[in-house]
Amino acid sequence: METQLDPMKDDLPLMANTSHMLVKHYVLDLDVDFKSKVIEGIIVLFFETGSRYRKTGSSIRESQFDGACEVRASELCHIPVANVSACSSKTEYNDFAVCGKGEEDTSDKSCSHSNKEQASGISSSKNCCDIQNHGNKDFLLILDCCDLSVLKVEEVDVAAVSGIEKFTRSAKLPDASKELENLRNQIVHELVTLSADRWKEQLYYFTCCSKAPGCGELLFTTSTWSLEIRKSGIQTPIDFPHAIRIWYKTKPEGRSVTWTTDQSGRPCVYTMGSPINNRALFPCQEPPVALSTWQASVRTAAGFVVLMSGENSAEPIQLHEDILSWYYYVTMPMPASTFTIAVGCWQEVRQQSFTAAVQANIEFSLPSLQADFRWHEEICGHVEYPCRFQNPAAMLQAVIPYRVFAPWCLMEHCEEHLLQLIPQCLSAAYTTLGTHPFSRLDVLIVPSNFSSLGMASPHIIFLSQSVLPGGSHLCGTRLCHEIAHAWFGLAIGARDWTEEWISEGFATFLEDIFWARAQQQLSHDEVKWQQELKALLRWRRLRDEVQNSEEELQVLRPKKESTGELSESGASVIKHGLKAEKIFMQVHYLKGYFLLRSLARTIGEASYLASLRKFVHKFHGQLVLSQDFLRMLLEDIPEQKKSGLTVESIVQNWLDTSGIPKPLLEEGETWEECQLVQQVRGEVTKWIQTNQRIRKSGKKKRKQDEVVFQKLLPDQLVLLLESLLEEKTLCPRILQCLEKTYQLQEQDAEVRHRWCELVIKHKYVPGYGDVEKFLRDDQAMGVYLYGELMVNEDVKQQELAHKCFAAAREHMDVSSAKVVAEMLF
């Protein structure tokens with residue numbers, strides 16, 4: 001049944017049986033090969049028994065902080081060791097160094113195994129028993145897996161690690177015949193439940209255990225969406241091996257991994273939040289509930305830089321003359337889908353000295369947050385980990401350490417705006433929400449085929465090259481959006497991924513708040529006008545999207561009352577998760593934004609932002625549903641109940657219905673009165689009148705016809721061009737004058753996109769070069785233009801569409817290519 005899923009229409013299955021067994025930690029040991037376009041290596045998974053099988057008194061403990069976490073002033077050392085015996089049991093945990101990948105890993109690579117890669121993905125005949133015949137007896141571990149070649153699976157003998165005895169003291173092993181299996185599982189249990197202040201020791205032993213010898217191959221088979229593993233004779237998850245090692249390879253066409261070239265023509269590879277998440281990067285548990293930590297050693301040719309979701313700023317270790325190894329780790333449990341890696345010939349853009357400006361902002365920030373510090377005294381509600389919200393130094397850190405990476409040809413663009421913007425935006429975010437959830441940030445300018453303007457992952461943000469040209473506005477707003485995801489989307493996640501508005505709606509709303517504060521010297525009125533202009537543009541976008549998309553894709557909670565519900569095994573689906581067109585929809589951003597904006601206006605912005613900070617302190621490190629936020633908000637401000645504002649009414653009006661929400665319709669286009677909007681309306685009138693005069697007078701030019709046009713902000717230009725798009729006819733001279741007056745080729749991508757729409761609508765041939773350039777350089781935004789080029793049924797425009805697609809198709813994002821191909825063929 002699962003093999004018949006239509007990837008353009010259906011729900012995405014989350015197959016992992018997380019209620020039976022739950023991954024707590026991944027250790028990845030990978031080689032990146034650009035010649036074969038394959039990432040190959042080993043992953044070791046450490047499990048706890050799932051919630052349905054866990055015994056009473058489980059050691060998944062709520063955090064019991066005594067008021068302070070260890071401040072991580074120094075990062076873990078990464079030293080190569082040749083074998084497991086180097087892990088001495090005599091070393092105290094506070095002096096630990098993490099075992100790295102040695103020049104020769106004898107425990108893994110000297111082992112010969114007969115599992116050759118099969119086209120079907122099924123193990124060799126030695127291991128391939130008929131699972132159907134034995135399935136009723138043997139327990140099946142199911143992992144999410146797609147587009148991977150799994151070569152071998154084995155149990156790991158963690159008991160063979162030197163010094164591991166300390167984790168067996170509390171073991172009670174009544175059954176002598178099962179003593180060794182129980183001992184191994186007991187070791188893993190003790191290891192994954194170590195207290196937060198022993199995180200260095202924990203990472204050290206995870207590394208040592210990942211290099212331990214195998215103690216028996218496990219039976220496995222793969223299907224379209226999953227990897228199924230069993231051990232003959234093992235009937236319950238409690239007895240199933242809790243540490244397993246998997247040898248595997250990615251496939252060049254794997255949907256989680258993009259192999260391409262950067263803007264300088266150098267090969268690179270990156271992962272992104274594709275519709276199938278990370279299951280084509282490594283076998284994992286994809287449901288949000290499977291919160292895990294990870295560590296990874298990645299080897300690649302010298303000259304390449306490995307960036308990854310990790311708390312440490314990795315420094316490479318030279319293994320051979322032309323091979324470097326990079327090591328990253330994460331101690332905050334998060335869904336496997338948030339793991340991100342990018343390997344390329346990136347150059348670090350060295351930052352200038354912005355210390356004075358940032359320091360001034362810090363001083364400004366602190367007083368507004370003093371009243372919120374009392375929340376830090378509360379015990380965190382998440383599982384135990386080294387939490388920055390309990391770290392006194394982190395609580396005062398307005399700007400976390402950051403780095404910027406880009407292809408060499410874009411370094412100058414990054415120096416011009418991006419470097420200055422990062423500390424301003426980070427400080428503005430801190431002023432608004434308080435403690436940064438993550439200890440550092442890398443920002444990478446990704447290749448031109450990246451299908452979005454940005455993407456946030458733990459410790460790393462991908463930005464499209466499209467945000468760089470045209471001043472600081474688009475770059476700053478997008479950066480603010482992605483920084484907001486550190487709190488909403490990463491530190492706080494949706495328990496059901498169909499509720500993506502919890503991530504995107506909040507990030508869109510906070511983008512405006514952050515950006516207003518990042519610009520600093522704006523007056524109250526200027527901030528208000530900017531935000532009302534933005535609201536109008538988003539209203540227009542939402543109106544258009546509602547008119548031109550399927551109703552079922554407009555609902556913010558498509559599973560409605562069953563949102564968050566799982567099957568007995570823990571498996572579930574992401575409703576409409578495989579619909580390619582959904583990737584290009586913004587309804588979750590826009591309706592979520594307008595809901596939050598409406599609540600802020602009703603409650604008052606100051607009270608509302610205070611409630612947001614309280615929500616962050618209460619729910620960081622956890623997964624939530626919509627009602628968790630709404631209940632806390634209304635309980636915090638009880639007087640709102642008198643106005644009829646209830647969780648039920650909000651859910652009904654905003655989350656569970658398609659179309660424009662009723663409260664938003666009633667509000668209407670109130671933003672028309674905004675001064676910035678009024679200014680644009682005046683300019684639009686001038687252009688329309690000038691167009692009419694030119695059409696009447698023909699080609700004659702008269703001095704008195706010249707009109708003086710005002711200078712406009714980028715968002716004003718967007719509104720101006722959108723308004724002119726509503727005109728039936730604009731003559732070529734007007735389009736030529738428009739381009740020159742506002743220097744449209746030099747504007748940001750949002751403005752240039754509207755210019756390209758005007759060029760296409762009015763068949764303005766001199767502007768076709770701008771359209772071609774946009775489709776080449778701004779692939780994150782260009783998909784819609786292909787449809788416009790085809791709709792006009794103009795031969796030249798259709799030729800242009802086919803030419804641009806032919807040039808870009810090879811490296812284009814898979815979903816984008818599918819959607820464009822449907823338009824063209």
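Start at His-459: select this residue and look at its backbone, where phi is positive, near 70 degrees. His-459 belongs to the hairpin of strand 22 and strand 23, which has two residues between the strands. Keep in mind that this is a predicted model.

Next, select strand 22 (residues 454-457) along with strand 23. The two run antiparallel and are joined by four bridges. To see one of those pairings, pick Ser-457 and then its bridge partner in strand 23, Ile-460.

Now hop to the other neighbour. Strand 21 (residues 441-445) runs parallel to strand 23, again with four bridges. Pick Ile-445 and you'll find Leu-463 of strand 23 standing opposite.

Stay on strand 23 (residues 460-463) and show its side chains. In a regular strand, side chains alternate between the two faces of the sheet. Here Ile-460 and Phe-462 sit on one side, Ile-461 and Leu-463 on the other, and all of them are buried.

Zoom out to the whole sheet. Which order do its five strands take? Reading across, you get 19-20-21-23-22, an open sheet with mixed pairing. The edges are strand 19 (347-348) and strand 22, each pairing on one side only.

Finally, bring in the helices. Select helix 7 (residues 411-433), which lies across strands 19, 20, 21 and 23; helix 7 runs at about 155 degrees to strand 20 (402-406). Then add helix 8 (residues 473-484), lying across strand 22 and strand 23. Helix 8 makes an angle of about 145 degrees with strand 23.

Technical notes: Residues are numbered from 1 along each chain as its sequence is written. This is a predicted model: local features need pLDDT of at least 70, side-chain atom pairs count only at pLDDT 80 or more; totals for chains, interfaces and linings use all residues. Side-chain values use heavy atoms; hydrogens and water are left out. Buried means under 20% relative accessible area, exposed over 50%, partly exposed in between (1.4 Å probe, protein chains only). Two strands pair if DSSP finds at least two bridges between them. Contact means heavy atoms within 4.5 Å. Axes are lines fitted to C-alpha atoms, for helices over the stretch in contact, and angles run from 0 to 180 degrees between N-to-C directions.
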